[in-house]
Amino acid sequence: MGNPATNEDVVRRYAEASAARDFDGLAQIRHPDWQALWPQSGERVIGHACWAEIAQRYPGGQPEIHLDRLIGSEDRWVVTPSNTIARIVGSGDFWWGEWQMTYPDGRAYECVTLIEMRDGLIWRETVYWAEPFEAPDWRRPYVEQANQPTA
């Protein structure tokens with residue numbers, strides 16, 4: 001993968017490698033002290049090797065990932081190798097991204113990751129998962145459906 005010139009390049013390549021399940025590519029972009037925090041389960045994954053074992057041993061197979069966007073400060077749009085449109089944004093050491101994850105049993109989750117960089121590499125991620133749910137009828141007069149086109 002070489003050494004990307006900017007943090008934006010690193011984050012874009014990281015998102016592409018994640019969606020493609022490119023474990024070697026992820027290892028090259030992750031800092032030697034990389035870790036992932038999963039606040040909802042109270043877990044911390046220390047190091048790429050432990051994460052790779054978790055991903056490869058997931059019951060029923062690895063989840064499918066569809067990246068929505070990566071956010072920093074200035075918008076740029078790109079198409080990933082899997083033809084998913086992603087918003088790649090900004091500069092600096094702090095980024096966030098949104099994606100959907102579909103597990104082998106068909107459950108779909110909306111996900112958010114907070115990405116911190118160090119020395120030009122991905123150093124730490126904090127990841128949140130949430131199952132989609134139907135909006136209650138009582139809110140209908142006050143909202144629009146976000147997944148519907150606006151007039």
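This passage describes the fold, the nonpolar core, the largest pocket and the aromatic contacts of a predicted model.

The protein chain contains 3 helices and 8 strands, and, read from the N terminus, its elements follow the order α-α-β-β-α-β-β-β-β-β-β. Of the 151 residues in the protein chain, 34% are buried.

The largest nonpolar core comprises 27 residues, among which Val11, Trp34, Trp51, Met117 and Ile122 touch the most other members. Two or more residues of this core come from each of α1, α2, β1, α3, β3, β6, β7 and β8, and the greatest contribution is that of α1, with 5 residues. Val11 is located in helix α1, and its relative accessible area of 1% falls under the 20% limit, so this residue is classed as buried. The C-alpha atom of Val11 is separated by 9.5 Å from that of Trp96, although the two residues are 85 positions apart along the chain.

The largest pocket has a volume of about 770 Å³. Its lining consists of 35 residues, and those closest to the pocket centre are Trp51, Ile65, Trp99, Met101 and Trp129. The elements that supply two or more lining residues are α1 (7-19), α2 (23-29), β1 (30-38), α3 (48-56), β3 (64-71), β6 (94-102), β7 (108-118) and β8 (121-130). Helix α1 gives the most to the lining of this pocket, with 5 residues, as α1 also gives the most to the largest nonpolar core. Trp51 appears in both descriptions, being among the residues closest to the pocket centre and among the core residues that touch the most other members. When the lining is divided by class, 24 residues are nonpolar, 6 are polar and 5 are charged.

A pair of aromatic rings is described by the distance of the centres and the angle of the planes. On this basis the model contains 4 aromatic pairs. In one of them, the rings of Tyr58 and Tyr103 have centres 5.3 Å apart and planes at 35°; this angle lies between the limits of 30 and 60 degrees, and the pair is therefore tilted. The pair connects distant parts of the chain, with Tyr58 in the loop between α3 and β3 and Tyr103 in the loop between β6 and β7, 45 residues apart. The two residues are assigned to separate burial classes, because Tyr58 has a relative accessible area of 29% and is partly exposed, whereas Tyr103 has a relative accessible area of 11% and is buried.

Tyr103 also forms an aromatic pair with Tyr109, and this pair is edge-to-face, with 5.5 Å from centre to centre and 85° between the planes. Tyr109 is buried, its relative accessible area being 14%. Through these ring pairs, Tyr58, Tyr103 and Tyr109 are linked into a cluster.

Charged groups are also placed over aromatic rings in the model. The charged end of Arg107 sits over the ring of Tyr103, at 5.2 Å from the ring centre, and Tyr103 thus combines this contact with its ring pairs to Tyr58 and Tyr109. A further arrangement of this kind involves Arg118, which lies over the face of Trp123 at 3.7 Å from the ring centre.

Definitions and conventions: Residues are numbered from 1 along each chain as its sequence is written. This is a predicted model: local features need pLDDT of at least 70, side-chain atom pairs count only at pLDDT 80 or more; totals for chains, interfaces and linings use all residues. Side-chain values use heavy atoms; hydrogens and water are left out. On a 1 Å grid over the protein atoms alone, a cavity is a set of points where a 1.4 Å probe fits but cannot get out, and a pocket is an open set with protein on both sides within 12 Å along at least five of seven lines; lining residues have an atom within 4 Å of a point. Grid points are joined across faces, edges and corners, and a volume is the space filled by probe spheres set on the points. Helices (H or I, at least four residues) and strands (E, at least two) are DSSP runs, numbered from the N terminus. Ala, Val, Leu, Ile, Met, Phe, Trp, Tyr, Cys and Pro count as nonpolar, Asp, Glu, Lys and Arg as charged, and the others, Gly among them, as polar. Rings of Phe, Tyr and Trp (its six-membered ring) pair if their centres lie within 6.5 Å; planes under 30 degrees apart count as stacked, over 60 as edge-to-face and the rest as tilted. Buried means under 20% relative accessible area, exposed over 50%, partly exposed in between (1.4 Å probe, protein chains only). A charge sits over a ring if NZ of Lys or CZ of Arg is within 6 Å of the ring centre and within 35 degrees of the ring normal. A nonpolar core is a set of buried Ala, Val, Leu, Ile, Met, Phe, Trp, Tyr and Cys residues joined through side-chain atoms within 4.5 Å.
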